[in-house]
Amino acid sequence: GQRVTFVHGNAPLETVGALMSVADVSLSLVGTLEPVSWSVQQAVACGSAVIVTDQASYALEEARGLSVHRLLPGGAAELCAAIAHLLDDAERRTAMAQANERYVTLHHDRETELTRLLRIVAGAATADRLLAAGTVRG
């Protein structure tokens with residue numbers, strides 16, 4: 001048999017990576033108004049397949065490469081079926097982990113984010129110079 005461990009509440013930060021790295025499946029069943037949660041970002045960064053409550057923010061991130069199983073709000077039977085499906089499908093979990101590694105590298109890598117932010121700042125500085133010189137009008 002397979003073991004299922006439920007971790008809820010706040011795990012000490014130094015143990016989060018270890019917990020999520022050994023998880024085949026992680027759940028994040030939060031309210032539908034929350035953006036992509038920190039726990040989901042941690043789980044995908046650690047290679048876990050993640051089941052989330054279906055909401056628009058995940059659909060948007062999936063278009064950018066995030067791979068999660070979106071679950072429509074329902075009952076325990078739907079949740080159990082989703083968990084069992086992912087536990088039984090090692091190939092899908094591997095594909096999700098690989099897609100999420102690319103997603104995290106592209107969208108959450110500090111160097112990539114810093115470069116992106118510096119380009120934004122440089123663009124704003126250029127726009128300020130153009131406005132000051134009267135080249136363009138605000």
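1. Let me start with what sits over helix α4. The cover on its buried residues includes β1 (25-28), β2 (49-53), β3 (69-71) and α5 (90-107). Bear in mind throughout that this is a predicted model.

2. As for α4 itself, the helix runs over residues 76-88, so by count it has 13 residues, and its first and last C-alpha atoms are 18 Å apart, close to the 18 Å expected at 1.5 Å a residue. The buried residues here are Ala82, Leu86 and Leu87. Looking down the axis of α4, you find these buried residues within an arc of 130°, so they line one face of the helix. Turn to the face pointing away from that buried side and you meet Ala77, Cys80 and Asp88, which are exposed.

3. How do α4 and α5 cross? Their axes come within 5 Å and make an angle of roughly 90°. That makes α4 roughly perpendicular to α5. On the α4 side, the contact uses His85, Leu86, Leu87 and Asp88, and on the α5 side Ala90, Arg92, Arg93 and Met96. Sorted by type, the residues of this contact are four nonpolar, one polar and three charged. Note that Leu86 and Leu87 are buried and also take part in the meeting with α5, while Asp88 is exposed and is in that contact too.

4. Next, helix α2, residues 38-45. Val40, Gln42, Ala43 and Val44 are its buried residues. They pack against α1 (13-21), β1, β2, α3 (56-63) and α5. So which elements turn up around both helices? β1, β2 and α5 are named for α2 and also for the buried residues of α4. Just past the end of α2, glycine 47 has a positive phi of about 90°.

5. A word on alanine 59, which belongs to helix α3. Is this residue buried, exposed or partly exposed? Alanine 59 has a relative accessible area of 33%, which makes it partly exposed. Its C-alpha lies 10.0 Å from that of valine 36, and the two residues are 23 apart along the chain.

6. Finally, the overall picture. The protein has six helices and three strands, and in sequence order they follow the pattern α-β-α-β-α-β-α-α-α. Of the 138 residues, 25% are buried. If you take contacts between residues at least 6 apart in sequence, 45% of them join residues at least 24 apart.

Key. Residues numbered from 1 in each chain as written. Predicted model: local features only at pLDDT ≥ 70, side-chain atom pairs only at ≥ 80, totals over all residues. Heavy atoms only, no water. Helix = DSSP H or I, 4+ residues; strand = E, 2+ residues; numbered from the N terminus. Buried < 20%, exposed > 50% of the residue type's maximum accessible area, 1.4 Å probe, protein only. Arc of directions from axis to C-beta. Contact = heavy atoms within 4.5 Å. Axes fitted to C-alpha atoms, helices over the stretch in contact; angles between N-to-C directions. Parallel < 35°, antiparallel > 145°, perpendicular 65-115°, else oblique. Nonpolar A, V, L, I, M, F, W, Y, C, P; charged D, E, K, R; others polar.
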